[in-house]
Amino acid sequence: MTLSPIPTPTATPPDILRCAYMDIVVTDLAKSREFYVDILGLVVTEESDSEIYLRSFEEFIHHNLVLRQGPIAAVAAMAFRVRSPKDVDLAEAYYQELGCRTERRAEGFVPGIGDSVRVADPLGFPYEFFYATTHVERLAWRYDLQGPGALVRLDHFNQVTPDVGRGRKYLEDLGFRVTEDIQDKDGVTYAAWMRRKDTVHDTALTGGNGPRMHHIAFSTHEKHNIIYICDKLGALRKSDLIERGPGRHGVSNAFYLYLRDPDGHRVEIYTQDYYTGDPDNPVVTWDVHDNQRRDWWGNPVVPSWYTDASLVLDLDGNPQPVIERTESSEMAVTVGADGFSYTRKDDELAGFKLGTTL
């Protein structure tokens, strides 16, 4: 299926500050609370029998994550904070010119968030834009509450979409800047990292069947915090929640750990990427066959990391249809039967460590 290009609106895009929160549907709220609060240590801002609002330790807005009880595990919204109230108006006009469905609520869609617009964007993702929010206590100085694995910031989202190049142009029109990408010699783009704040990304596009949500990522201060989380999961006999890592990415240079929550939603714990705020910050392009792009130590990527992702919902709460990627898949060209990867580009041998994970 060939997807039509997304036009560039004449309307001014909103001035996006950062990714701010994700609203996810879970099928067992008690099990999700155990994972996100008891194990990962996110802070409860408020909760009811059907919803829990969570934040990281350095956050001052109402929440970074909403857990919402529902019949099917999916993502209801990926929310970005904008610079001013007028930027909510700009977001609404921008997407209306694109012909996207929009819904606006002056009182907000969730507690703690004011005037907001939600859109079903051209890629099929449920985006939200807001400025007004309730301020809560920033717990950065509350070391008596923080454990050794404290999650201190929401760092980024990662979205799965069939045509990364198409999505990349759309997000660049919206004001995002590309920091890194993965391509092959034919110019096929397999993934792109895009930012508004001065880090490697606020969201990333991963090539695959979509629209789906690949993961949400929270930052720790240092890599030893991530090691502690692994040790804690082992002590709780919950090591099966670890999908991949710990390790260090080539892309982003960050130390990482990927977990799966009780519904299979993927959560990355992430730390120590780099500053990208200069206007001439260079884009780093990785060869899709470089064995160290996804893991700097050359460890293989488990197949589920390439194939599994969460459904996303439309504005009525129904799952968006998933469109198949027609371009080559990253897994197929690097670890499939006809694929290859290299550790040193001029070596004749592949140098890819398959191990026992495939």
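In the predicted model, the largest pocket is lined by 17 residues. R68, A76, R118, L315 and G317 are the lining residues that lie nearest the centre of this pocket. Strands β1 (16–26), β4 (65–69) and β6 (102–105) are the elements that each give two or more residues to the lining. The space in the largest pocket comes to about 310 Å³. Sorted by class, its lining has eight nonpolar, six charged and three polar residues.

Enclosed space was also searched for over the whole structure, and two cavities of 30 Å³ or more were found. The largest cavity holds about 90 Å³. Its lining consists of 13 residues, with W193, H201, H249, Y258 and R294 closest to the centre. Two elements, β9 (153–161) and β16 (266–271), give two or more residues to this lining. The class composition of the cavity lining is six polar, five nonpolar and two charged residues.

According to UniProt, in an unreviewed entry, the feature "domain: VOC" is placed at residues 18–132 and 153–272. In the span 18–132, helix accounts for 21% and strand for 41%, and the end C-alpha atoms lie 14 Å apart. In the span 153–272, the corresponding values are 19% helix and 46% strand, with the end C-alpha atoms 12 Å apart.

Aromatic contacts were examined next. A pair of aromatic rings is described by the distance of the centres and the angle of the planes. The count of aromatic pairs comes to 15. One of them joins F80 and F129, whose ring centres are 6.1 Å apart; the angle between the planes is 25°, so the pair is classed as stacked, given that planes under 30 degrees apart count as stacked. This pair links distant parts of the chain, with F80 in strand β5 (residues 74–82) and F129 in strand β8 (residues 126–130), 49 residues apart. Both F80 and F129 are buried. F80 and F129 also belong to a cluster linked by ring pairs, together with Y94, Y95, Y127, F157, Y170 and F176.

An edge-to-face pair is formed by W286 and W296, with 6.3 Å centre to centre and 85° between the planes. W286 lies in strand β17 (residues 284–287), whereas W296, 10 residues apart from it, lies in the loop between β17 and α5 (303–307). The two residues were assigned to separate accessibility classes: W286 counts as buried because its relative accessibility is 12%, under the 20% limit, while W296, with a relative accessible area of 42%, is partly exposed.

Arginine side chains were also found over aromatic rings. R81 lies over the face of Y131, 4.6 Å from the ring centre. R244 is placed over the face of W305, at 4.7 Å from the ring centre.

A further residue considered was T45, in strand β2 (residues 43–47). The relative accessibility of T45 is 22%, so this residue counts as partly exposed; the class lies between under 20% for buried and over 50% for exposed. T45 and R325 are 280 residues apart along the chain, and their C-alpha atoms are separated by 39 Å.

Methods:
Residues numbered from 1 in each chain as written. Predicted model: local features only at pLDDT ≥ 70, side-chain atom pairs only at ≥ 80, totals over all residues. Heavy atoms only, no water. 1 Å grid on protein atoms, 1.4 Å probe; cavity = no way out; pocket = protein on both sides within 12 Å on 5 of 7 lines; lining within 4 Å. Points joined across faces, edges and corners; volume = space filled by probe spheres on them. Helix = DSSP H or I, 4+ residues; strand = E, 2+ residues; numbered from the N terminus. Nonpolar A, V, L, I, M, F, W, Y, C, P; charged D, E, K, R; others polar. UniProt positions renumbered as here; feature names shortened; annotations may be inferred. Phe/Tyr/Trp six-rings, centres within 6.5 Å; stacked < 30°, edge-to-face > 60°. Buried < 20%, exposed > 50% of the residue type's maximum accessible area, 1.4 Å probe, protein only. Lys NZ or Arg CZ within 6 Å of the ring centre and 35° of its normal.
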